[in-house]
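Trainee: Could you walk me through this one? I'd like to start small and work outwards.

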Amino acid sequence: GIWTVTQQMQAKGQSLWPVVVDYLVVAGGGGSASDTSGGGGAGGLLTSALDVSSGTSYTVTVGAGGTTSATPTAGSNSVFSTITAIGGGYSGGEAPSTINGGSGGSGGGAGYRGSTSSGGAGTSGQGNTGGNGNNSAAPYTSGGGGGAGAVGANSSTLSGGNGGVGLTNSITGTSVYYAGGGGGGGYSVGVITGGTGGNGGGGNGGGSNNTGAGIAGTANTGGGGGGDGAGSPVSGANGGSGIVIISAPSAAASTTGSPTVTTSGGKTIY
């Protein structure tokens, strides 16, 4: 969409442009692979302030969450003006060629086969790395996706790794977590549990042998998708879509699309 500043954006007593607005930009979370996969990485998170000018239009793009399949996809970038949050990394899966987590805003968790597997890298200032998988011997388990506030946990012999926690933000007037990593999945007969998704919309990972599918990341949080528990009837999960929030001094802009518009503390929240 397009967010266009109008002449009415003048804070009380303010006579000069530019006007400062606050923003939160969160990219889409990464998708997780099918069959004992790691958790998807959270979308990158950026928050600060930006000078805006009257009559200027600013591009706003909300990134979609990554999808799940044998070859999952990363989340899509979110954009406000020149600020770009990077989509979350996809998770590693079962196949040796795709075992490592993908890089992104936060990195995806590693899958479970091979001599080694590692989580994907996060983007500096936006997120953290994904967790490693347990590949030494059965039962095999997969790493958690990285979150904006913490790395994804390495898996253990009895559980997939937990997703990294996201970060809280109060731009809307209420403190909310965004950009949590997805939990990793587990494989083998027995009580093998999936990892817990990180606060901020990360989906939980599935358990072993047909007992649990990964849970999708929560929409408009940038949470990573939860990893799959082993077995063909279950699958990994999509990442959650991202979000862009702009807090302006007053009712100050026209927009394309249909953003939710609220007020809090004398600010207009798009």
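**From one glutamine to the whole fold**

Trainee: Is Gln 126 buried or exposed?

Mentor: Go by its relative accessibility, which is 9%. Buried means under 20% relative accessible area, exposed means over 50%, and partly exposed is in between (1.4 Å probe, protein chains only). The 9% falls under the 20% limit, so Gln 126 counts as buried.

Trainee: What kind of model is this?

Mentor: Residues are numbered from 1 along each chain as its sequence is written, and side-chain values use heavy atoms, with hydrogens and water left out. Local features need pLDDT of at least 70, side-chain atom pairs count only at pLDDT 80 or more, and totals for chains, interfaces and linings use all residues; the model is predicted.

Trainee: Which backbone nitrogen does the side chain of Gln 126 reach?

Mentor: Gln 126 sits in the loop between strands E6 and E7, with strands being DSSP runs of E, at least two residues, numbered from the N terminus. Among the residues that Gln 126 touches (heavy atoms within 4.5 Å) are Thr 84, Ala 85 and Ile 86. At 2.9 Å, the backbone nitrogen in question belongs to Ile 86.

Trainee: How many residues apart in sequence are Ile 86 and Ala 27?

Mentor: Ile 86 is in the loop between E6 (83–85) and E7 (167–169), and counts as partly exposed because its relative accessibility is 29%. Its contacts beyond four places in sequence include Ala 27, Asn 77 and Gln 126. Ile 86 and Ala 27 are 5.8 Å apart, C-alpha to C-alpha, yet their separation in sequence is 59 residues.

Trainee: In E6, what's the bridge partner of Ser 78?

Mentor: Strand E5 (residues 78–80) and E6 run antiparallel, joined by 3 bridges; two strands pair if DSSP finds at least two bridges between them. For Ser 78, the partner in E6 is Ala 85.

Trainee: Which strands stand at the edges of that sheet?

Mentor: There are 5 strands in this open sheet, ordered E6-E5-E4-E1-E10 with antiparallel pairing. An edge strand has a single partner, so one of its sides is left without a neighbour in the sheet. That picks out E6 and E10 (253–255).

Trainee: Which strand gives the largest share of the largest nonpolar core?

Mentor: A nonpolar core is a set of buried Ala, Val, Leu, Ile, Met, Phe, Trp, Tyr and Cys residues joined through side-chain atoms within 4.5 Å. The largest has 18 residues, and Trp 3, Phe 80 and Ile 246 are among those with the most contacts inside it. Elements giving two or more residues include E1 (2–5), E3 (45–52) and E6. The largest share, 4 residues, comes from E2.

Trainee: In E9, what's the bridge partner of Leu 24?

Mentor: E2 is mostly covered, with 6 of its 8 residues buried. E2 pairs antiparallel with E3 over 8 bridges, and antiparallel with E9 over 5. On the E9 side, Leu 24 is bridged to Ile 245.

Trainee: Zooming out, how many strands does the protein have?

Mentor: Of its 270 residues, 51% count as buried. Reading from the N terminus, every element is β. The helix count is 0, and the strand count is 12.

Note on methods. Polar contact = N/O pair within 3.5 Å; in protein donor to acceptor, adjacent residues only side chain to side chain.
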